[in-house]
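Trainee: I have a structure open and I would like to learn how to read it. Could you take me through some of its features, one at a time?

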Amino acid sequence: MSAIDELLERARSELERVGPREAAAAQEAGGLLVDIRYAELRERDGTIPGALIVERNELEWRLDPTGDHRAPEATHHDLPVVVVCNEGYASSLAALSLRRLGLHRATDLIGGFQAWRTAGLPVQSAAGNAGRSTGGDGDGVHGRD
C-alpha cells in the first residue's frame, strides 16, 4: 500500500463519513457543507446550493472559529461541517485537518460531489452559482480529486 493510501485510511478511521442524503440532512439541520473543489470542477459540474466554497489551500484559515481570517459561517467548534471534494479523497484529509483544529464534528462526503449529483440532489449550474465563495485556487491536486 502506498504512503498516501495509508494516510487516507488512517484519516478515514477517525471520521464518521456521511453519504449524500446524510450530508443534505446535515445542511438542512444547520450544518455547513464546504466545497473545496477547484474552480474548473465547479465551473464544469456546478455546485451544491448553499455550500460554502473554500479553496483547499485556505480551508483551515477560513474554518478556524478562533482565527482572524475565518469565514462568517465558522462560528464555533461544535459546528457540523461536511467537506466536499470531487470524489471523496481530498475531503477526507481536509476533514481530519479541521478536526485537529478543534472542529470535532467535521467529516466528509463519501464519493464527494459526484456522489451528491448521482443521488439526484440539487446542483446549481456555474452560471447561476448560489454557493458562497471565499476565493483561492481549489483542491490543489488534479490527480484523484
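Trainee: Let me start with a helix. What covers the buried residues of H5?

Mentor: This is a predicted model, so keep that in mind as we go. A useful general idea for helices is that one turn takes 3.6 residues, so residues three or four places apart point the same way. In this structure, the cover over the buried residues of H5 includes helix H1 (3–13), H4, S3 and strand S4 (106–108).

Trainee: And which residues in H5 are buried?

Mentor: They are Ala90, Ser91, Ser92, Ala94, Ala95, Leu96 and Leu98. Look just past the end of H5 too: Gly102 has a positive phi there, about 105°.

Trainee: How do I put H5 into the layout of the whole chain?

Mentor: Count the elements, then read their order. The protein chain has six helices and five strands, and from the N terminus they run α-α-β-α-β-α-β-α-β-α-β. The chain has 145 residues, and 45% of them count as buried. Among contacts with a separation of 6 or more, 73% are between residues 24 or more positions apart.

Trainee: How should I think about a nonpolar core?

Mentor: In soluble globular proteins, nonpolar side chains tend to be buried together. Here the largest nonpolar core has 20 residues, and those with the most contacts inside it are Val34, Ile36, Leu59, Leu63, Val81, Val83 and Leu98. Strand S1 (32–35), helix H4 (59–63), strand S3 (81–84) and helix H5 (90–100) each give this core at least two residues.

Trainee: Which element supplies the largest share of this core?

Mentor: That is H5, with four residues. There is also a second, separate core of eleven residues, and Ile48, Ala51, Leu109 and Leu121 are among them.

Trainee: Now a charged residue. Is Arg37 buried or exposed?

Mentor: Begin with where the residue sits, then look at its accessibility and its partners. Arg37 is in the loop between S1 and helix H3 (39–45). Its relative accessible area is 0%, so Arg37 counts as buried.

Trainee: What does the side chain of Arg37 reach?

Mentor: It reaches the backbone oxygen of Gly46 at 2.6 Å. A polar atom of the Arg37 side chain also lies 3.5 Å from the backbone oxygen of Leu41. In addition, Arg37 lies over the face of Phe113, at 3.9 Å from the ring centre.

Trainee: That makes me curious about rings. How many aromatic pairs does a search of the whole structure find?

Mentor: Zero. An empty search result is worth writing down as well.

Trainee: Can we compare that arginine with another one? Where is Arg99 found?

Mentor: Arg99 is in helix H5. At 26% relative accessibility, Arg99 counts as partly exposed, because it falls between the cut-offs of 20% for buried and 50% for exposed. Leaving out residues up to four places away in sequence, Arg99 touches Glu14, Leu15, Glu16, His104, Arg105 and Ala106. Its side chain reaches the backbone oxygen of Glu14 at 3.3 Å.

Trainee: How do I read distance along the chain against distance in space?

Mentor: Take two residues, note how far apart they are in sequence, then check their C-alpha atoms. Arg99 and Glu60 are 39 residues apart along the chain, and their C-alpha atoms are separated by 10.0 Å. Arg56 and Ser91 are 35 residues apart in sequence and 9.0 Å apart from C-alpha to C-alpha.

Trainee: Where is Arg56, and which side chain does a polar contact join to it?

Mentor: Arg56 is in the loop between strand S2 (52–53) and H4. A polar contact of 2.9 Å joins its side chain to that of Glu60. Glu58 is also in the loop between S2 and H4, and with a relative accessible area of 23% it is partly exposed.

Trainee: One last residue, please. Where is Ile110, and what is it in contact with?

Mentor: Ile110 is in the loop between S4 and helix H6 (112–118). Its relative accessible area is 41%, so Ile110 is partly exposed. Setting aside neighbours within four places in sequence, Ile110 is in contact with Arg17, Val18, Gly19, Pro20 and Ala115.

Notes
Residues are numbered from 1 along each chain as its sequence is written. This is a predicted model: local features need pLDDT of at least 70, side-chain atom pairs count only at pLDDT 80 or more; totals for chains, interfaces and linings use all residues. Side-chain values use heavy atoms; hydrogens and water are left out. Rings of Phe, Tyr and Trp (its six-membered ring) pair if their centres lie within 6.5 Å; planes under 30 degrees apart count as stacked, over 60 as edge-to-face and the rest as tilted. A charge sits over a ring if NZ of Lys or CZ of Arg is within 6 Å of the ring centre and within 35 degrees of the ring normal. A nonpolar core is a set of buried Ala, Val, Leu, Ile, Met, Phe, Trp, Tyr and Cys residues joined through side-chain atoms within 4.5 Å. Buried means under 20% relative accessible area, exposed over 50%, partly exposed in between (1.4 Å probe, protein chains only). Contact means heavy atoms within 4.5 Å. A polar contact is a pair of N or O atoms within 3.5 Å; within protein, one must be able to donate a hydrogen and the other to accept it, and residues adjacent in sequence count only if both atoms are side-chain atoms.
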